[in-house]
Amino acid sequence: MPRMRRRDREIESREEILHVLDTCKVVHLAMYDEDGIYMLPMNFGYTYEDNNLVIYIHAALEGKKLDLLRKNPNVGFELDCDHELIEGRVPCQYGFRYASLVGKGVAEFVEEPREKMEALRVLMKCQTGKDFEFTERLVTIVSVIKITAKELTGKRRE
């Protein structure tokens, strides 16, 4: 992976990565389409253990996103938060405060009911802060996609 030009803004610590993951409620997921890139904002849940990020999203049982992921499971993703305008005396001195994560990964469909229930529990905990339980019957009506990050970089501007 190429070096970040502004290394002074690079997010490297686990705490900073978790801050972005915990603050953001939407991941922007980029998939390959025969016409180019297809990108969607999605609610998500995640696990981050031993510097390995796994993102979980859910979807209907059919649709364009699922068709594209079946054809090509390689994805890109982006999350950003902590937005604030930084004012300057003149236009070129204006800036923007932010924190973001950008990565690439591989998507796979979660089919096993117990794993689907756990993935949805993680997703709901990340989105609401609450614990939910799922039954096998409930998980049959949704698709669950697990995205394993292969590359991850972070950047922030204070």
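# Briefing: fold, cores and selected residues

Y38 is partly exposed, with a relative accessible area of 23%. This tyrosine belongs to a predicted model, and Y38 sits in strand β3, residues 36-43. The protein chain has four helices and eight strands. Two nonpolar cores, helix α3 and a handful of single residues are covered below.

**Overall build**

- Along the sequence, the elements of the protein chain run β-α-β-β-β-β-α-β-β-α-α-β.
- The C-alpha atoms fill a box of roughly 60 × 40 × 30 Å along the principal axes.
- Of the 158 residues in the protein chain, 37% are buried.
- Take the contacts between residues at least 6 apart in sequence: 67% of them join residues at least 24 apart.
- The accessible surface of the protein chain is about 9700 Å², and carbon and sulfur atoms account for 50% of that surface.
- The protein chain carries 25 positive and 28 negative charges, and the mean positions of the two sets lie 4 Å apart.

**Y38 and its surroundings**

- At 23%, Y38 is above the 20% limit for buried and below the 50% limit for exposed, so Y38 counts as partly exposed.
- Beyond four places in sequence, Y38 touches L29, A30, M31, D33, K64 and L68.
- One of these partners, L68, is 30 residues from Y38 along the chain. The C-alpha atoms of Y38 and L68 are separated by 8.8 Å.

**Nonpolar cores**

- The largest nonpolar core has 31 residues.
- L21, F44, I57 and L79 have the most contacts inside this core.
- Leaving out residues up to four places away in sequence, L21 touches F44, Y46, Y48, L53, L79 and L101.
- Apart from the largest core lies another, of 10 residues. Its members include V54, Y56, A119 and V144.

**V54, a member of the core of 10 residues**

- V54 lies in strand β5.
- The relative accessible area of V54 is 12%, which is under the 20% cut-off, so V54 is buried.
- Beyond four places in sequence, V54 touches G45, Y46 and T47, and also K146, I147 and T148.
- V54 and G105 are 51 residues apart in sequence, yet their C-alpha atoms are 9.0 Å apart in space.

**Helix α3**

- Helix α3 covers residues 113-128, 16 residues in total.
- From first C-alpha to last, α3 reaches 22 Å, close to the 22 Å expected at 1.5 Å a residue.
- The buried residues of α3 are K116, M117, A119, L120, V122 and L123.
- Strands among the elements that cover these buried residues are β4 (45-49), β5 (52-59), β7 (95-110) and β8 (143-157). Helix α4 (136-139) is also part of the cover.
- T128 is found in α3. At 37% relative accessibility, T128 is partly exposed.
- T128 and E112 are 16 residues apart in sequence, and their C-alpha atoms are 24 Å apart in space.

**Helix α1 and H19**

- H19 is placed in helix α1, residues 14-23.
- The relative accessibility of H19 is 35%, so H19 counts as partly exposed.
- Leaving aside neighbours within four places in sequence, H19 is in contact with C81 and D82.
- H19 and R137 are 118 residues apart along the chain, and their C-alpha atoms are separated by 34 Å.

**Positive phi angles**

- Most residues other than glycine have a negative phi. Two aspartates are listed here for their positive values.
- D50 has a phi near 50°. D50 is placed in the loop between β4 and β5.
- D50 has a relative accessible area of 71%, which is over 50%, so D50 is exposed.
- D82 has a phi near 60°. D82 is placed in strand β6, residues 74-86.
- D82 is at 22% relative accessibility, between the 20% and 50% limits, and therefore counts as partly exposed.
- D82 is also one of the contacts of H19.

Technical notes: Residues numbered from 1 in each chain as written. Predicted model: local features only at pLDDT ≥ 70, side-chain atom pairs only at ≥ 80, totals over all residues. Heavy atoms only, no water. Helix = DSSP H or I, 4+ residues; strand = E, 2+ residues; numbered from the N terminus. Buried < 20%, exposed > 50% of the residue type's maximum accessible area, 1.4 Å probe, protein only. Contact = heavy atoms within 4.5 Å. Areas by Shrake-Rupley, 256 points an atom, 1.4 Å probe, with all protein chains shown as cover. Lys, Arg positive; Asp, Glu negative; His and termini not counted. Charge placed at Lys NZ, Arg CZ, Asp CG, Glu CD. Core = buried A, V, L, I, M, F, W, Y, C linked by side-chain atoms within 4.5 Å. Expected span 1.5 Å × (residues − 1).
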